[in-house]
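Biologist: I am new to this structure and would like some help reading it. Could we go through it feature by feature?

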Amino acid sequence: MNRGMTLYKAYNDSSSIDLAEILAESLGINYERATKLLESKSTRILRYKNIRYIALRRDLGNHYEGTAILIDEKTGEYRVVEGYPHIKRVLLLSKAVPQHFVDWVIVEEKMDGHNVRVIKFKDEIYAVTRGGYICPYTTARMRHEHGKSIENLIDAIGEETVVAGEVVGLENPYTRYYYPEAPEWGFFIFDIFRKGLDPLSVENRRRLVEEYGLRNVPLLGKYHKDDWQGILEVVSNLEEVGREGIVMKDPYYRVDPLKYTTSYINTKDIQEGMKYPFDEGHTFIYPRVLRQMFKAIEDDWDEERLAKEAQRLGEAILVTAVESVKRFLRGMPIAEEFILTFYNMRDFEDFVSHITLLGVPITIVSIDQASENYIKVKILKHKKTPEYYKRILRTGLSPLD
Ligand code: ATP
Ligand code: MG
């Protein structure tokens, strides 16, 4: 079955669109099972303008979580956008790299933002998040910044193309890290899939991205799989400049990519997370301590380095958390604040209803008509953490043990 794009013209008016039939055909399952899935927590049915879509909230058959099935309400045509595959993490480069790869390893920078798949459907481009949702903000911004170039790129490769990349910078509602090359908003491409999840080779992808005036994630080198020390050297350079890490790829994707992160980001993430210990904080700690444990072994940290990293880790956890409680005691908000740029009010309203529908509690702090052409909106994303603080400070009891 052709999974990349199935044009399905059975329906002419929106009221007769049968989502179960579309889901059944997309996943190759029967109608009853599709009906059950639509009623369960495994899927979500949403809308963006005149597109209805089904987001898969877990792996189903051979489709990953985050797969989105877009349906044109007018015609009933639909298209399956496959979920972005999980990338396995390395703890020991010296073991994993020589065992996993075939011969050569391309090292690209792992940028820290959020994963976006851009596709074209019925003459418009859409930005789909990792979870399989069309983000109204990211879609509007993508169209504004790169709409024409991405359309041209997709037209050149084929209509079923998926352009996957990292959106980075401070102006997004998901993950904010400052990048000098994209302080506010930037899209850096790391994969192009032709049909389903069939990737272009690294070289072809990088060439095409450049040719169409778009940006690639930085290329950090090509190493033989036995030269894990060369790769480690790349990581220590990133360490110095406070970048996230690397993704290692076979030039032709004969084997899956692997990821590895710097000690800097392992601790930095804990620090960010511990501003909200009952939200991100507690889930962040253990996996990152594990990464640091094996880095200390592989890099053979001396006593001084170990002591330094231990201090950084301890501060990231405890000092950040204590400051967070103190903020609460002073009556300051325990919430993430961020700024987004919108080019019209309609996009802004679409974004607010989308994020609210997903159950993310936000407050609009201010709307600033920054110029004739755009508005800057300041938003607060609320956390569960202050509720926990309130209860602990009232009862004196631990919610854990
Ligand atoms: P998962 O563990 O399921 O992959 P995650 O959100 O925890 O999801 P990360 O630890 O951030 O994932 O690592 C994988 C993600 O890294 C990819 O989904 C992608 O968004 C991002 N990424 C950044 N740079 C690259 C790159 N050069 N190549 C591939 N992915 C990249
Ligand atoms: Mg990431």
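Modeller: Let us begin with the names of elements: helices (H or I, at least four residues) and strands (E, at least two) are DSSP runs, numbered from the N terminus. With those names, Pro-361 sits in the loop that connects α10 (345-357) to β16 (362-368). This is a predicted model, in which local features need pLDDT of at least 70 and side-chain atom pairs count only at pLDDT 80 or more, while totals for chains, interfaces and linings use all residues. Residues are numbered from 1 along each chain as its sequence is written, chains are lettered from A and ligands numbered from 1 in the order in which they are written, and side-chain values use heavy atoms, leaving out hydrogens and water.

Biologist: Is Pro-361 buried, partly exposed or exposed?

Modeller: Buried means under 20% relative accessible area, exposed over 50%, and partly exposed in between (1.4 Å probe, protein chains only). Pro-361 has 44% relative accessibility, so it counts as partly exposed. By contrast, Ser-324, in helix α9 (residues 303-329), counts as buried because its relative accessibility is 3%.

Biologist: Which backbone oxygen lies 3.0 Å from a polar side-chain atom of Ser-324?

Modeller: A polar contact is a pair of N or O atoms within 3.5 Å; within protein, one must be able to donate a hydrogen and the other to accept it, and residues adjacent in sequence count only if both atoms are side-chain atoms. For Ser-324, the partner is the backbone oxygen of Lys-275.

Biologist: How do I read the contacts of ligand 1?

Modeller: Look for short distances between polar atoms. Polar side-chain atoms of Lys-259 and Lys-110 lie 2.7 Å and 2.9 Å, respectively, from an oxygen atom of ligand 1. Met-111 uses a backbone N or O atom, 3.1 Å from a nitrogen atom of the ligand.

Biologist: Which strands each supply at least two residues of the shell around ligand 1?

Modeller: Those are β6 (104-110) and β13 (245-249). The largest share, three residues, comes from β6.

Biologist: What span should helix α8 have, and what does the model show?

Modeller: The expected span of a helix is 1.5 Å times one less than its number of residues. For the 22 residues of α8 (residues 277-298) that gives 32 Å, and the end C-alpha atoms are 30 Å apart, which agrees.

Biologist: Where does α8 have a kink?

Modeller: The bend at a residue is the angle between axes fitted to the seven residues ending there and the seven starting there. In α8 a kink of about 35° lies at Ile-285, shortly before the proline Pro-287.
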